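Student: Before we look at anything in detail, could you show me how to read a few local features of a protein model, one at a time?

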Amino acid sequence: MPGATIIPIIISSDKTQLTIFGSKTTYPVYMTIGNLPKDASRRRTLANLFHACMSHTLAPLRKAGIDGIEVISGDGVARRGHPIFAMYIGDYPEQLLVTCCKNGTCPKCTIPREQVGDTTGFRHPSRDLEQILEALDEYDNSLSVLSRACRAAGIKPVVNPFWQDLPYIDIFRSITPDMLHQLYQGVIKHLLAWLKAAYSPEELDARCWRLPPNHQIRLFMKGITSLQRYPAHTADTLNLLQDALRRFHVNKDIFIQLGIRLHFRLLKLHALDHYVDSIKLFGTTDNYDTQYTERLHIDFAKDAYRATNHKDEFPQMTVWLERREKILRHEAYVHWRLQHLTAMRSSPSSSSDNSLSSAQQTLPPVTVASQPVSAADPEWTRIKITKWPSVRALSFDTAAERYAAEVEHASLSVRFHFRKVAAYHKLKFSLIDAQRLGIMDTTQDVAHARPSRHDKHGRQVPGRFDTVLINDGTDRHSGIQGYEVAQLQLVFKLSARACEDLFPDVLAPGYLAYVERFTPFTAPDAVHGMYKVKRRRNVDGARLASVVELVMSNLLVTYQQ
């Protein structure tokens with residue numbers, strides 16, 4: 001209907017243990033909505049019980065999904081929403097339990113077991129929901145007929161799965177990637193083990209040690225680095241994801257040739273084939289990560305259980321969670337009121353406008369539309385340098401000795417009326433929505449130009465001079481055209497007297513940087529796709545350096561001549 005909206009219902013479940021010692025377990029089911037800003041007979045009995053409980057829990061969705069319900073939005077306007085089951089978040093055993101699939105099979109497609117993990121090129125069809133629903137309807141005839149029909153459809157004979165009567169749902173498409181168990185604790189863990197067997201742990205550790213320190217690189221000096229996820233995806237990033245998976249399948253036989261693996265029939269490896277489709281349907285993987293469920297176990301199950309006397313615990317856990325939720329709601333209300341009172345007291349018109357009634361003053365003003373940001377000259381990079389310099393008066397002699405030893409002779413031959421500058425050992429900058437999608441978090445970064453020193457215990461701390469990009473004036477919003485690599489040796493600022501002496505009739509520069517240049521970018525390497533650069537030197541072999549002005553760029557912090 002016009003004016004209505006879909007409310008995706010997201011379900012997550014995971015069996016967890018409540019006690020450290022003992023066998024107290026619980027089976028929490030968490031439900032949220034997607035509109036907010038990732039012995040066989042006994043198993044069959046448990047599966048039927050699980051689906052019966054879930055059917056009872058989700059029964060209101062059958063009518064509400066079709067007819068809709070009235071929902072109060074954040075702006076106070078009542079709208080009609082249609083809650084539709086959208087995603088189910090769980091690990092592989094939970095996915096099999098929900099979809100009624102058999103162990104060793106894919107809960108999303110019909111790939112044969114012997115072809116799992118072979119290649120990513122051939123796309124197997126998704127499970128036929130219509131055929132499966134027809135098989136489940138055979139329960140009205142007899143259990144034997146139901147069993148044969150379900151076997152032909154490739155599922156277990158479960159009586160009335162909870163999703164059978166829900167509107168507008170394809171349970172097999174609703175299964176989402178399990179980043180925690182499939183990728184981090186699955187494929188990545190396996191891959192690291194294979195690489196250790198091929199190259200030795202010492203070689204992997206040595207390669208990690210070679211990585212230079214950087215604000216956005218988390219270094220584990222024992223040899224393992226962290227993984228980061230894209231906060232937003234485009235068609236290009238999805239193509240890169242598919243290409244990386246394709247190249248892995250092309251080259252994975254090297255592990256078989258080295259005797260490290262016998263086969264790659266790993267369901268966790270096959271699950272990567274469905275990641276791109278899930279991202280297109282449901283967004284980035286942080287929307288449906290099972291790590292959130294693992295965290296909810298602590299907040300809603302384990303902490304609640306520990307607050308009871310461990311006898312008839314479920315009613316006590318329910319009461320404890322209700323009271324905790326009321327406390328949190330009251331805390332949020334108090335915080336909201338304090339913010340409103342602070343805004344009213346700081347408003348210049350609050351003291352003069354005494355004609356408002358107390359009821360009118362209770363409610364905060366509602367912002368109808370935010371001021372649009374001009375796209376003509378967007379500022380994506382903000383640079384911040386401390387107000388006070390790290391070294392208030394750095395002499396040229398000390399700068400030549402500790403910051404740029406190879407060029408001191410050339411620099412000392414130039415005569416100035418001043419012999420000292422203010423030096424800064426680091427600068428911070430923020431990349432604001434670097435992908436220009438409007439949804440990316442601000443990224444913080446730091447560039448250092450700090451000489452070696454001794455800490456308070458007298459221990460030697462090595463110097464750190466980071467590499468940066470300098471802009472030659474022909475840069476673009478993306479790519480490397482117009483940029484060169486340089487090593488940041490010194491960030492400094494001239495005094496007012498020095499500026500008057502050097503720039504008497506022009507606008508004096510702000511912060512300056514002394515950098516050592518590298519060769520320009522050429523074609524990327526044919527094997528690893530990276531660019532090779534080396535230091536630029538003159539005919540005598542000395543390093544080439546420049547003094548450039550520190551400015552802000554549309555994409556990266558750069559240093560423009």
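**Salt bridges, a helix and a surface patch**

Tutor: Let us begin with a charged pair: Arg-459 and Asp-455 form a salt bridge, in which the closest N and O atoms are 2.9 Å apart. Please keep in mind throughout that this is a predicted model.

Student: What is the general idea behind such pairs, and how many salt bridges does a search of the whole structure find?

Tutor: Side chains of opposite charge can pair when their charged atoms come close. The search of the whole structure finds 10 salt bridges. Another of them joins Arg-543 to Glu-516, with 3.1 Å between the closest N and O atoms, and this pair links distant parts of the chain, since Glu-516 lies in strand β17 while Arg-543 lies in the loop between β17 and β18, 27 residues apart.

Student: Are Arg-543 and Glu-516 buried or exposed?

Tutor: The two partners need separate answers: Glu-516 counts as buried because its relative accessibility is 2%, whereas Arg-543, at 23%, counts as partly exposed.

Student: How should I read a salt bridge whose partners both lie in one helix, and which helix holds Asp-243 and Arg-247?

Tutor: An α-helix has 3.6 residues a turn, so residues three or four places apart point the same way. Here Asp-243 and Arg-247 both lie in helix α9, 4 residues apart, which is about one turn of the helix, and the closest N and O atoms of their salt bridge are 2.9 Å apart. Asp-243 is partly exposed at 28% relative accessible area, as is Arg-247 at 42%, and a network of salt bridges links Asp-243, Arg-246 and Arg-247.

Student: Which residues of α9 are buried?

Tutor: Thr-237, Leu-238, Leu-245 and His-249 are the buried residues of α9. They lie on the same side of α9, because the arc they cover around the axis is only 125°. Among the elements that cover these buried residues are α11 and α12, while on the other side of α9 the exposed residues are Ala-235, Asp-236, Leu-240 and Val-250.

Student: Where is Tyr-168 found, and what is notable about its phi?

Tutor: Tyr-168 is found in the loop between α5 and α6, and its phi is near 55°, a positive value in a residue other than glycine. Tyr-168 is exposed, with a relative accessible area of 62%.

Student: Which residues form a nonpolar patch on the surface?

Tutor: Tyr-333, Val-334, Trp-336 and Leu-338 form that patch, with about 380 Å² of accessible area together. Val-334 is found in helix α14 and counts as partly exposed at 35% relative accessibility.

Notes
Residues are numbered from 1 along each chain as its sequence is written. This is a predicted model: local features need pLDDT of at least 70, side-chain atom pairs count only at pLDDT 80 or more; totals for chains, interfaces and linings use all residues. Side-chain values use heavy atoms; hydrogens and water are left out. Patches are made of residues with over 30% relative accessible area and no salt bridge: like charges are joined within 9 Å, nonpolar side chains (Val, Leu, Ile, Met, Phe, Trp, Tyr) within 5 Å. Accessible areas come from the Shrake-Rupley method with a 1.4 Å probe; for residues, only the protein chains shown count as cover. A salt bridge is a side-chain nitrogen of Lys or Arg within 4 Å of a carboxyl oxygen of Asp or Glu. Helices (H or I, at least four residues) and strands (E, at least two) are DSSP runs, numbered from the N terminus. Buried means under 20% relative accessible area, exposed over 50%, partly exposed in between (1.4 Å probe, protein chains only). The arc is that of the directions from the helix axis to the C-beta atoms. Contact means heavy atoms within 4.5 Å.
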